[in-house]
Amino acid sequence: MLSLVYKDFLLQRGGKSIIYLAVMPIISAFAFSTNILNIILPYIAGSYLYIIYANALDDKYKTEKIFIAMPIGRKKIVGAKYVGMGLYMFGFLIIIGILSFFIRLMIPGFEEMALLSWSIFVQFLSVGCLYYSIFFPLYFRVGYQKSRWANYIAMIASAGLFALLLKATSEMSGETLSSMQAALNYLLTLPEGVWNIILPLLSVGLLYLSFNLSVFYYGKREF
Amino acid sequence: MPSVLELNNLTKRYDTFILDSVNMSLEEGFIMGLVGQNGAGKTTIIKLILGLLKRDNGSIHIFGKDIDEDADEIKQQIGFVLDESDWYDSFTIREMVKIISTFYDNWDQTIFEKYLKSFNLEEASRIDSLSKGMKMKFSLAVALSHDAKLIIMDEPTSGLDPIIRDEVLEILQKIIADGGKSILFSSHISSDIDKIADYITFIHEGRIIFSKSREEIADTYRLVTGPIEYLDQDIARFFDAIRKKKRNFTAITTDSKKIEKEFASYFGDKSMVIERAGIDDIMLHLVKGEQYA
């Protein structure tokens with residue numbers, strides 16, 4: 001299965017997405033100090049590019065047929081797409097985490113810059129899980145050509161969820177939308193860190209359901 | 001001799017096409033050619049065997065095992081070449097194989113490299129720098145490098161120039177000569193099938209017309225040519241299919257002895273000729289001719 005993840009990663013070299021995927025976390029790390037949106041939105045856009053490019057090339061060369069005819073199993077092919085996006089999310093966060101640490105340490109004026117926290121991780125996870133949970137079952141059911149619109153919808157929905165989350169939490173904290181850190185702080189003050197526990201659980205649960213739905217649909221697909 | 005591949009009543013229904021109760025068997029050590037027009041159902045059979053399509057009825061047994069019971073274990077021993085699929089252009093052969101090799105328990109890199117060398121392919125070559133013939137050879141090298149006992153190929157010679165086509169056919173013959181392997185390959189080029197297949201299965205509009213050894217076909221089918229004025233209902237009923245031309249007719253029969261006996265006088269003056277029918281003759285008459293049988 002990891003070979004298929006590696007394959008999707010290698011495919012990114014073929015287009016401009018690799019430049020975006022490499023550069024955006026670095027730019028995001030610098031922008032991180034001002035607004036968490038500066039890292040969430042590039043992450044969503046990066047996910048969109050990563051998915052669209054790998055799947056478009058699978059479709060162009062009809063390689064799904066080759067992999068299905070091999071002794072892999074459709075469940076592993078589905079799993080590889082989910083794992084790939086999970087690794088992309090962790091990779092994105094790790095790059096930002098390391099860079100923001102050094103930026104804060106070494107560049108004057110960035111001393112007060114925020115560091116990655118559990119809250120930020122939870123928001124990444126929620127947005128990512130929502131995105132993949134909407135998109136992948138549709139992709140595995142109807143294929144790339146017919147699911148391109150679903151990728152837009154998934155992207156908009158996940159970005160929308162994030163905006164709603166921020167709006168709700170900032171209003172609860174009595175702060176304005178621009179004060180994202182205040183919103184995050186408010187989340188942390190909720191009893192027993194409710195948001196930070198329930199949200200990841202819900203997200204992972206949603207992803208699990210989505211994975212099983214994808215396996216079900218892909219199992220029925222004909223090529 | 002054990003059957004490597006056995007299809008029983010294999011059926012697949014589409015809105016406009018039905019693959020109808022296909023029965024077919026391939027024994028170890030032989031080449032089976034699947035021949036028929038484009039759209040006859042050859043690719044559908046291959047896709048059903050490889051699990052790309054879901055069958056509506058029937059069963060598929062490979063190496064004596066039901067494909068539904070352990071598809072992955074069976075696929076470990078199948079090498080395949082698909083007509084419609086390609087490799088990623090931006091990958092090198094080395095990169096592509098690095099990924100593929102992980103799926104096969106018995107992948108043998110030494111054998112793979114040996115095939116690359118004999119096919120004059122370089123591991124560092126990018127896929128997009130390969131010609132169609134070279135890509136076919138690369139696909140063959142992949143299919144042959146994990147000790148597959150059954151090689152399945154969909155139109156392997158389609159779109160290749162005559163020289164490369166001949167090379168590919170020679171490779172297939174060599175694979176069989178080395179022993180322990182069987183090949184199922186489809187083609188709409190009947191001369192390719194005629195050249196190397198031990199068994200020929202002719203499929204037309206989703207139905208198997210015949211599945212016989214090459215010798216059996218040579219012994220069974222005869223091409224009859226005669227003046228058009230001889231062709232009446234009495235004589236027509238002895239033919240499986242007839243093609244009429246302006247001055248004469250040609251027909252395919254599986255009962256040439258009876259025809260010779262019943263219409264001896266017609267052959268006496270050599271107005272009618274009976275000769276062995278080639279695959280092309282059989283296909284052409286059964287597909288394009290008037291059916292009487």
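## Surroundings of B:I183

In this predicted model, B:I183 is in contact with B:I31, B:M32, B:I151, B:M153, B:L172, B:I175 and B:I176, leaving aside residues up to four places away in sequence. Two of these partners, B:L172 and B:I175, are among the buried residues of helix α6 of chain B.

B:I183 also belongs to the largest nonpolar core, which has 128 residues. Together with A:Y131, A:F135, B:F80 and B:I152, B:I183 is listed among the residues with the most contacts inside this core. Helix α6 of chain A, residues 118-172, gives the most to the core, contributing 16 residues. From chain B, the core takes at least three residues from each of domain 1 (3-217) and domain 2 (221-291). In soluble globular proteins, nonpolar side chains tend to be buried together.

## Helix α6 of chain B

Helix α6 of chain B covers residues 162-177, which makes 16 residues. From first C-alpha to last the helix reaches 22 Å, close to the 22 Å expected at 1.5 Å a residue. Its buried residues are B:R165, B:V168, B:L169, B:L172 and B:I175. Seen down the helix axis, these residues fall within an arc of 115 degrees, so they line one face of α6(B). An α-helix has 3.6 residues a turn, so residues three or four places apart point the same way.

The cover over the buried residues of α6(B) includes β3 (31-35), α5 (132-144), β7 (150-154), β8 (182-187) and α7 of chain B. On the face turned away from the buried side lie the exposed residues B:I163, B:E170, B:K174 and B:A177. Just after the helix, B:G179 has a positive phi of about 90 degrees.

## Domains of chain B

Chain B is divided into domain 1, residues 3-217, and domain 2, residues 221-291. Their C-alpha centres are 35 Å apart. The contact between them takes 10 residues from domain 1 and eight residues from domain 2.

On the domain 1 side, the elements giving two or more residues are α7 (190-196) and β9 (199-204) of chain B. By class, that side has six nonpolar residues, three polar and one charged.

## Contact between chains A and B

Chain A gives 21 residues to the contact with chain B, and chain B gives 23 residues. On the chain A side, α1 (2-11) and α4 (63-69) are the elements that supply two or more residues. The residues on this side of chain A comprise 12 nonpolar, four polar and five charged.

Methods. Residues are numbered from 1 along each chain as its sequence is written. Chains are lettered from A and ligands numbered from 1 in the order in which they are written. This is a predicted model: local features need pLDDT of at least 70, side-chain atom pairs count only at pLDDT 80 or more; totals for chains, interfaces and linings use all residues. Two residues are in contact if their C-beta atoms, placed from the backbone, lie within 7 Å. Helices (H or I, at least four residues) and strands (E, at least two) are DSSP runs, numbered from the N terminus. Ala, Val, Leu, Ile, Met, Phe, Trp, Tyr, Cys and Pro count as nonpolar, Asp, Glu, Lys and Arg as charged, and the others, Gly among them, as polar. A nonpolar core is a set of buried Ala, Val, Leu, Ile, Met, Phe, Trp, Tyr and Cys residues joined through C-beta atoms within 7 Å. A residue is buried if 20 or more other C-beta atoms lie within 10 Å of its own, exposed if 12 or fewer, and partly exposed in between; C-beta atoms are placed from the backbone. Domain bounds come from an automatic or database domain assignment. The expected span of a helix is 1.5 Å times one less than its number of residues. The arc is that of the directions from the helix axis to the C-beta atoms.
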